[in-house]
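Let's take a walk through this one together, starting at the end of a helix and working outward. Keep the structure open as you read.

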Amino acid sequence: MGLPLRMNTLHAPTVPSGPTSAARTNGQAGQLSFAELQRKKDDTEAELKALGAVLDSHGVDMETSLLTRDGFPRADIDVAQIRTTRARIIRLRNDYKDLMANIEKFLHEHFANVDDAEPVPTASSQQAILPDSLPTAAEEVFARVNSVAPGSPAERAGLKAGDEIRVFGYVNKSNHDNLKKVAECVQGNEGGNIFIRVSRTSGVSQREELRLTLTPTSDWGGRGMLGCHILPL
């Protein structure tokens, strides 16, 4: 009679869910270059995808019970492998969250040191006009703001319809994946700051380069966490 009771938590991972990255363990994550951080992000995403495929091959997900109605391990699936896979996924998800925070921090510091000149004051205290410069290939525009809802997080950040996006958090032209990464960045940073760089038409033939800080939130009173519509270019 005691066996089923002891097995009640069999489907729950038992491996601690702390970070597994050696770089973070050694306190070196902040010293990695952006390219190295990007590679670690890609590697983590690839492993999470592979682990998800393992669960799919068993016909289960992270929530599927591994016990029979009587409380015994199911005989139709490899319970041990599924538990190990789930535990690894949980740990990688924690690593991924920390990695994204490091990428955001890197970009914030990078933008803060792009130029030592004082930014030109603008109507919005959250906007800073960047000195004219040739953007790198990764900072070419990849999306355009189609509309901005009144009172939305996007409007509070200073975004306007027609703005062209060069950088959105850790997302740029080389990795936006038809804006899928923009959605991931937003979902993973609710309540936090996302640093973006936009290009805006100013006058007939001039453009302004702006740094804005966007804070996604789901309770602003409208649809989505940004309140704006963005189209890929």
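Look just past the end of α3: the next residue is G59, and its phi is positive, near 75°. This is a predicted model, so take that angle as a computed value like the rest. Helix α3 itself covers residues 34-58. Does its length add up? What span should its 25 residues give, and how far apart are the end C-alpha atoms? At 1.5 Å a residue the expectation is 36 Å, and the end C-alpha atoms sit 37 Å apart, so the two agree.

Now see which side chains of α3 are tucked away. The buried residues are L37, Q38, K41, T44, E45, L51 and L55. A lysine and a glutamate turn up in that list, K41 and E45, and they're worth a stop. Is K41 buried or exposed? With a relative accessible area of 1%, K41 falls under the 20% cut-off, so it counts as buried. Its partner E45 is buried too. The two side chains meet in a salt bridge, 3.3 Å from N to O. K41 and E45 are 4 residues apart in α3, which means that about one helical turn separates them.

That pair isn't on its own. K41, D42, E45, K181 and E184 are linked in a network of salt bridges. K41 also has plenty of company from elsewhere in the chain: leaving aside neighbours within four places in sequence, it is in contact with Y96, L99, M100, I103, Y170 and K181.

Several of those contacts lead us to the next helix, α4, which runs over residues 79-112. Where else do α3 and α4 meet? Try the salt bridge between R88 and E47, at 2.9 Å from N to O. R88 lies in α4 and E47 in α3, so the pair ties together parts that are 41 residues apart in sequence. Here the setting is not a buried one: R88 is partly exposed, with a relative accessible area of 28%, and E47 is partly exposed as well, at 31%.

A little further along α4 you'll find N94. Its side chain has a polar atom 2.9 Å from the backbone oxygen of I90. N94 counts as partly exposed, at 29% relative accessibility.

One more salt bridge before we leave the charged residues: D76 pairs with R74, with the closest N and O atoms 2.8 Å apart. D76 counts as exposed at 57% relative accessibility, whereas R74 is partly exposed at 22%. In total, the structure holds 10 salt bridges.

On to the strands. β2 (residues 143-148) pairs with β3 (residues 164-168) in the antiparallel sense, over 2 bridges, and A143 stands opposite I165 in β3. β2 also pairs antiparallel with β6 (residues 228-232), this time over 5 bridges; there, V145 has I230 as its bridge partner.

Finally, zoom out. The chain has 6 helices and 6 strands, running α-α-α-α-β-β-α-β-α-β-β-β from the N terminus. Of its 233 residues, 36% count as buried. Among contacts with a separation of 6 or more, 70% come from residues 24 or more positions apart. As for the surface, the chain exposes about 13300 Å², and carbon and sulfur atoms supply 51% of that.

Technical notes: Residues are numbered from 1 along each chain as its sequence is written. This is a predicted model: local features need pLDDT of at least 70, side-chain atom pairs count only at pLDDT 80 or more; totals for chains, interfaces and linings use all residues. Side-chain values use heavy atoms; hydrogens and water are left out. Buried means under 20% relative accessible area, exposed over 50%, partly exposed in between (1.4 Å probe, protein chains only). A polar contact is a pair of N or O atoms within 3.5 Å; within protein, one must be able to donate a hydrogen and the other to accept it, and residues adjacent in sequence count only if both atoms are side-chain atoms. Contact means heavy atoms within 4.5 Å. Accessible areas come from the Shrake-Rupley method with a 1.4 Å probe; for residues, only the protein chains shown count as cover. The expected span of a helix is 1.5 Å times one less than its number of residues. Two strands pair if DSSP finds at least two bridges between them. A salt bridge is a side-chain nitrogen of Lys or Arg within 4 Å of a carboxyl oxygen of Asp or Glu.
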